[in-house]
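This report describes a predicted model, beginning with its pocket and then turning to the helices around it.

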Amino acid sequence: ALDKGAVQVTSIAGGATVAMAFVNYRSDPTPSIIMGVLGVLGIVIALRDMRRFRSQHLEPNDWLLRHMTRMSAGLALALTAIAVVNLPDQPLIVRWLVPGIAVSVVMGPRIYLVQRKLASGAEPGEIYAVSIGEEEA
């Protein structure tokens with residue numbers, strides 16, 4: 001239920017982001033275009049999650065890749081927000097794109113390697129230490 005609620009909130013937030021991009025486009029087009037793209041991306045991710053929830057065929061180890069991808073995306077978005085707010089002397093395109101590119105360069109190869117290991121039959125616990133809700137002794 002919590003996951004489905006998060007999908008609904010993400011869909012609404014993505015729609016609001018796209019709407020704000022349209023509203024602000026005339027006054028400042030470049031950030032509005034980027035904002036619109038990010039809003040559409042949020043909607044697409046939410047719709048894919050909803051489709052996955054409804055699917056009868058769920059990959060048991062899919063969660064690790066999804067988690068790594070979304071945590072990387074969250075890091076890229078946080079770094080982008082920090083850059084946009086705190087680096088006003090840098091060109092707008094640098095503030096908006098460099099953080100995402102940097103996270104992709106660092107995390108992309110890791111995600112690819114994990115994907116290959118999972119495809120070859122490895123379990124998530126064989127790749128990384130996985131402890132969900134377990135306390136260390």
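The lining of the largest pocket is made up of 23 nonpolar, 12 polar and 9 charged residues. The volume of this pocket is about 1400 Å³, and among its 44 lining residues those closest to the centre are Leu41, Ile45, Thr69, Arg70 and Ala73. Helices H1, H2, H3 and H4 each contribute at least two residues to the lining, with the largest share, 14 residues, coming from H2.

Two of the helices can be checked against the span expected at 1.5 Å a residue, as set out below.

| Helix | Residues | Expected span | Distance between end C-alpha atoms |
|---|---|---|---|
| H1 (residues 2–24) | 23 residues | 33 Å | 32 Å |
| H3 | 25 residues | 36 Å | 36 Å |

For H1 the two values agree, and they agree for H3 as well.

In H1, the buried residues include Val7, Gly14, Val18 and Ala21, and helix H2 (29–54) is part of what covers the buried residues of this helix. In H3, burial extends to Leu64, Leu65, Arg66, Met68, Ser72, Ala76, Thr80 and Ala83, and these buried residues pack against H2, helix H4 (92–119) and helix H5 (124–127).

Threonine 80, which lies in helix H3 (residues 62–86), may serve as a closer example. Its relative accessibility is 8%, and because buried means under 20%, threonine 80 counts as buried. Once its neighbours within four places in sequence are set aside, threonine 80 is in contact with Arg95, Trp96, Pro99 and Gly100.

Definitions and conventions. Residues are numbered from 1 along each chain as its sequence is written. This is a predicted model: local features need pLDDT of at least 70, side-chain atom pairs count only at pLDDT 80 or more; totals for chains, interfaces and linings use all residues. Side-chain values use heavy atoms; hydrogens and water are left out. Helices (H or I, at least four residues) and strands (E, at least two) are DSSP runs, numbered from the N terminus. Buried means under 20% relative accessible area, exposed over 50%, partly exposed in between (1.4 Å probe, protein chains only). Contact means heavy atoms within 4.5 Å. The expected span of a helix is 1.5 Å times one less than its number of residues. On a 1 Å grid over the protein atoms alone, a cavity is a set of points where a 1.4 Å probe fits but cannot get out, and a pocket is an open set with protein on both sides within 12 Å along at least five of seven lines; lining residues have an atom within 4 Å of a point. Grid points are joined across faces, edges and corners, and a volume is the space filled by probe spheres set on the points. Ala, Val, Leu, Ile, Met, Phe, Trp, Tyr, Cys and Pro count as nonpolar, Asp, Glu, Lys and Arg as charged, and the others, Gly among them, as polar.
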